[in-house]
Amino acid sequence: DGRPVEGFAYDLAGSPCEAAAQQGFFACPEGVQGLFPLDKDLVRFGIQGYAGVAIRDYQGRVRGILCLLSRRRLDLPPQAENGMALLAAIVAGEMERRDLEARK
């Protein structure tokens with residue numbers, strides 16, 4: 001709804017984000033709650049569609065997940081994975097830059 005959710009923490013175990021972390025990219029245009037029945041946050045927020053890509057550092061370690069969540073079917077264009085991977089690479093680069101600055 002465009003409103004921030006304060007103090008939100010998310011356990012990756014048994015979630016679509018865990019699948020994205022393991023596979024690099026994971027998408028489920030609809031019915032994601034049925035694939036991940038133990039993910040109570042999908043139910044809490046009424047999420048039906050999901051797409052996520054791993055944000056990896058230069059050594060290939062997962063630093064986070066960039067994801068799209070939808071309360072209805074998520075219609076993705078064919079190039080969605082490439083676009084999300086590009087955004088994740090930009091985010092990863094910025095995270096690396098901030099880490100380097102923090103070490104100075």
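**Note on the sheet and its helices**

1. Helix α1, residues 16-23, lies across β1, β2 and β3 and runs at about 45 degrees to β2. The model under review is a predicted one.

2. Helix α4, which spans residues 80-103, also lies across β1, β2 and β3. Its direction makes an angle of about 40 degrees with β2.

3. The strands beneath discussion here form an open sheet of 3 strands in the order β1-β2-β3, and their pairing is antiparallel. At the edges are β1 (25-28) and β3 (62-70), each of which pairs on one side only. On average, neighbouring strands of this sheet are turned by 10 degrees against each other, direction ignored.

4. Strand β2 comprises residues 49-56 and is joined to β3 by 8 bridges, the two strands running antiparallel. Within this pairing, Ile55 stands opposite Gly64 in β3.

5. Attention may now turn to a single residue of a helix. Ala92 is located in helix α4. Is Ala92 buried or exposed? The relative accessible area of Ala92 is 9%; because buried means under 20%, Ala92 counts as buried.

6. Which residues does Ala92 touch, not counting those up to four places away in sequence? They are Ile55 and Arg56. The C-alpha atoms of Ala92 and Ile55 are separated by 5.8 Å, although these residues stand 37 residues apart along the chain. Ile55 is thus a useful residue to locate in the structure: it stands opposite Gly64 in β3, and Ala92 of helix α4 touches Ile55.

Definitions and conventions
Residues are numbered from 1 along each chain as its sequence is written. This is a predicted model: local features need pLDDT of at least 70, side-chain atom pairs count only at pLDDT 80 or more; totals for chains, interfaces and linings use all residues. Side-chain values use heavy atoms; hydrogens and water are left out. Two strands pair if DSSP finds at least two bridges between them. Helices (H or I, at least four residues) and strands (E, at least two) are DSSP runs, numbered from the N terminus. Axes are lines fitted to C-alpha atoms, for helices over the stretch in contact, and angles run from 0 to 180 degrees between N-to-C directions. Contact means heavy atoms within 4.5 Å. Buried means under 20% relative accessible area, exposed over 50%, partly exposed in between (1.4 Å probe, protein chains only).
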